[in-house]
Amino acid sequence: MVAHSRGFPYPAEFPREAFVQAALKQYFTALGFQIEDAEHVDLICRNDKLGQRWIIEAKGETGNIGLDFRTGLGQLIQAMNDPSVRYGLAIPDTTKFLVQCGKVSDWVRQAIQLHWLFVRPNGAVKVVNPNHLL
């Protein structure tokens with residue numbers, strides 16, 4: 001997968017944010033989603049045939065994963081204004097981020113309908129719905 005590092009301080013490779021964002025766009029485009037302009041989140045996409053709209057915040061590994069993870073959650077929560085939208089936090093599929101996800105209570109994820117989107121080193125995306133326990 002080729003990712004561009006435009007605007008990112010780290011190389012566009014796994015597990016960096018530019019890589020995560022590029023993988024998300026490729027994943028949703030391949031599923032027939034249209035990418036929309038996004039100002040305060042990293043990805044907004046819609047598939048009218050499926051009747052789905054997603055708002056996603058993406059994070060990658062830096063020197064302070066806990067802070068980055070919590071920042072991503074806060075940004076996403078501030079964008080939650082429509083209960084019909086699917087909201088997700090996209091992160092690299094690494095042990096460090098899995099530990100962070102485990103710190104979010106299952107009942108909280110279910111209450112706010114928060115999806116995890118794990119991006120693997122090959123660019124594949126695994127979506128974990130709010131009812132799936134980690």
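Start by selecting Arg109, which sits in helix H4, residues 106-112. Helices here are DSSP runs of H or I with at least four residues, numbered from the N terminus. You are looking at a predicted model, where local features need pLDDT of at least 70, side-chain atom pairs count only at pLDDT 80 or more, and totals for chains, interfaces and linings use all residues. Residues are numbered from 1 along each chain as its sequence is written, and side-chain values use heavy atoms, with hydrogens and water left out.

Stay on Arg109 and add Asp106. Arg109 is buried but has no salt bridge, and Asp106, its nearest side chain of opposite charge, is 4.3 Å away. Buried means under 20% relative accessible area with a 1.4 Å probe, protein chains only; a salt bridge needs a side-chain nitrogen of Lys or Arg within 4 Å of a carboxyl oxygen of Asp or Glu. For charge, Lys and Arg count as positive and Asp and Glu as negative, while His and the chain ends are not counted.

Next, show the contacts of Arg109 (heavy atoms within 4.5 Å). Beyond neighbours within four places in sequence, they include Val104, Trp116, Asn129 and His132.

Now select Cys45 and Cys101. Why does a search of the whole structure find 0 disulfides? A disulfide is a pair of cysteine sulfur atoms within 2.5 Å. The sulfur of Cys45 has its closest cysteine sulfur in Cys101, 19 Å away, so the two are too far apart for a bond. Cys45 is buried, at 0% relative accessible area, and Cys101 is also buried, at 1%.

Methods: Buried < 20%, exposed > 50% of the residue type's maximum accessible area, 1.4 Å probe, protein only. Helix = DSSP H or I, 4+ residues; strand = E, 2+ residues; numbered from the N terminus.
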